[in-house]
Amino acid sequence: MNKDILVHNNNKPCYHIVISNTFEELALRIKTTGLNFKRICIVTDSNVAPLYLEMVSKACRMEADRVESFVFEAGEQNKNLDIVRKLYAFLIENEFDRHDILVALGGGVVGDLTGFTAATYLRGIDFIQVPTTLLSQVDSSIGGKTGVDFDAYKNMVGAFKMPKLVYINTGTLLSLDARQFNSGMGEVIKYGCISDYDYFKWLETNAGSVISRNQDTLAELVFTSCENKRRVVEEDPTEKGIRAILNFGHTFGHAIEKECGFTMYHGECVAIGMVAAAYISAKKGYICDADKERIIDLIRRYKLPTDTSGLNLDRKAILNDLKHDKKMIAGKLKFILIKHIGEAFIDTSLSLDDLNEALEYITE
Ligand SMILES: NC(=O)c1ccc[n+]([C@@H]2O[C@H](COP(=O)([O-])OP(=O)(O)OC[C@H]3O[C@@H](n4cnc5c(N)ncnc54)[C@H](O)[C@@H]3O)[C@@H](O)[C@H]2O)c1
Ligand SMILES: [Zn+2]
């Protein structure tokens, strides 16, 4: 049974998230967006193209006069303006105009880059997300944040651009390697911690079935995660306030990601960052030690790291990154803590000592 979530933007209905386990309904769902296009350009990467491009092209051909595809080399290092430039050139050569659309088929790298291109080509054309990694299905395809990296700076150039449809086929998760799948679980556990205690308990109870990627379980997991993200982004579409709670685990997470030279996946770094945030939440007396341990146990159960052992990280460099983070937001570090499992808040009172202690906890 397909599931459907309607996402609002500024209190107006904006786009549907469809959760299915095949691509069978994709053509119909593209049709029901009501968009009036002639051409579709499917943007994907070199790993996803051999797996799913043909199936998605077939669905698109049912709805468009012409279907083109643009495939770039997989990897975060290609989420940059050089590839965007090549994509602009490709669209111009193929005479794509304002009414035509892009389809992002792949993980967060493809989604972010395609969304950014859609936001800027001819001052904006429409696009559809067809996310194929767990991280992109539960997080990056929803909420309209798009962008690319610039030199060493992650997501430095970007725009808010809402998709016209997010079509999720959870069947694509079966071809994902275990480490990538688990990395996506980092963001899933985050939702349990910041906004949904029932979901946290569900993740504890259903770990076996999630890890074995039972399709019904995955459908429920993706649905509940999307619902959590929807609630937060609807309340604060451009991150003026509450949306920042989605950064739980990300302050330390981003610093670790940078200091290990991006050898660890995003969700793995976020997992370690959540341990640091849980530690500070316990130290400040918001949660009890048992709840902190419960969070660490859940992270472990999904085979994610809970400390930096084996990474050989330079503590000073991490601390420096955290301070840099501080500089970026006018002298105050916005840190996300939890009051209890299932409710997060923004704290601006942490000292350098607090951060240092948490850093020791995850690096000891
Ligand atoms: N826009 C947002 O709100 C947001 C939120 C979180 C993360 N992001 C961004 O998302 C990116 C990370 O996304 P990701 O983790 O999906 O990485 P990714 O797009 O690099 O995908 C991971 C790897 O899996 C491969 N792959 C994708 N789908 C597959 C499938 N079904 N089967 C087999 N292999 C498959 C890809 O080719 C790639 O090698 C980062 O650039 C991050 O900044 C954006
Ligand atoms: Zn994240």
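This report covers the domains, the ligand shell and three helix pairs of a predicted model.

## Two domains

The domain assignment splits the protein chain into domain 1 (3-175) and domain 2 (183-363). Their C-alpha centres lie 27 Å apart. The two domains touch. Domain 1 gives 23 residues to the contact, and domain 2 gives 23 residues.

On the side of domain 1 that touches domain 2, three elements give two or more residues: strand 1 (3-9), strand 2 (12-20) and helix 5. By class, this side of domain 1 has 12 nonpolar, eight polar and three charged residues.

## Around ligand 1

The shell around ligand 1 holds 27 residues. Asn47, Gly107, Gly108, Thr133 and Ser140 come nearest to the ligand. Two elements give two or more residues to this shell: helix 4 (108-120) and helix 5 (134-140).

Polar residues number 14 in the shell around ligand 1. Seven residues there are nonpolar, and six are charged. Helix 5 links two parts of this report. It gives residues to the ligand shell, and it also gives residues to the side of domain 1 that touches domain 2.

## Helix 11 and its two partners

Packed helices come next. A pair of packed helices is described by the angle between the axes and the distance between them.

Helix 11 (residues 266-283) packs on helix 14 (residues 352-363). The angle is about 125°, and the axes are 9 Å apart. Helix 11 is therefore oblique to helix 14. The crossing is right-handed. From helix 11, the contact uses Ile272, Val275, Ala276, Tyr279, Ile280 and Lys283. From helix 14, Asp354, Glu357, Ala358, Tyr361 and Ile362 take part. The residues of this contact divide into eight nonpolar and three charged, with no polar ones.

Helix 11 also meets helix 10 (residues 250-259). Their axes come within 7 Å and cross at roughly 130°. Helix 10 and helix 11 are therefore oblique to each other, and their crossing is right-handed. Helix 10 brings His250, Thr251, Phe252, Gly253, Ile256 and Glu257. Helix 11 answers with His266, Cys269, Val270, Ile272, Gly273 and Ala276. This contact has six nonpolar, five polar and one charged residues. Ile272 and Ala276 of helix 11 appear in the contact with helix 14 and in the contact with helix 10.

## Helix 6 and helix 9

The last pair is helix 6 (residues 178-195) and helix 9 (residues 215-235). Their axes come within 10 Å and cross at roughly 50°. That angle makes helix 6 oblique to helix 9. Helix 6 passes helix 9 in a left-handed crossing.

Val188, Tyr191 and Ser195 of helix 6 make the contact with Leu221, Ser225, Asn228, Arg231 and Val232 of helix 9. By class, the contact has four nonpolar, three polar and one charged residues.

Notes: Residues numbered from 1 in each chain as written. Chains lettered and ligands numbered in written order. Predicted model: local features only at pLDDT ≥ 70, side-chain atom pairs only at ≥ 80, totals over all residues. Near = placed C-beta within 6 Å. Helix = DSSP H or I, 4+ residues; strand = E, 2+ residues; numbered from the N terminus. Nonpolar A, V, L, I, M, F, W, Y, C, P; charged D, E, K, R; others polar. Domains from an automatic or database assignment. Contact = placed C-beta atoms within 7 Å. Axes fitted to C-alpha atoms, helices over the stretch in contact; angles between N-to-C directions. Parallel < 35°, antiparallel > 145°, perpendicular 65-115°, else oblique. Left-handed = near helix turned anticlockwise from the far one by under 90°.
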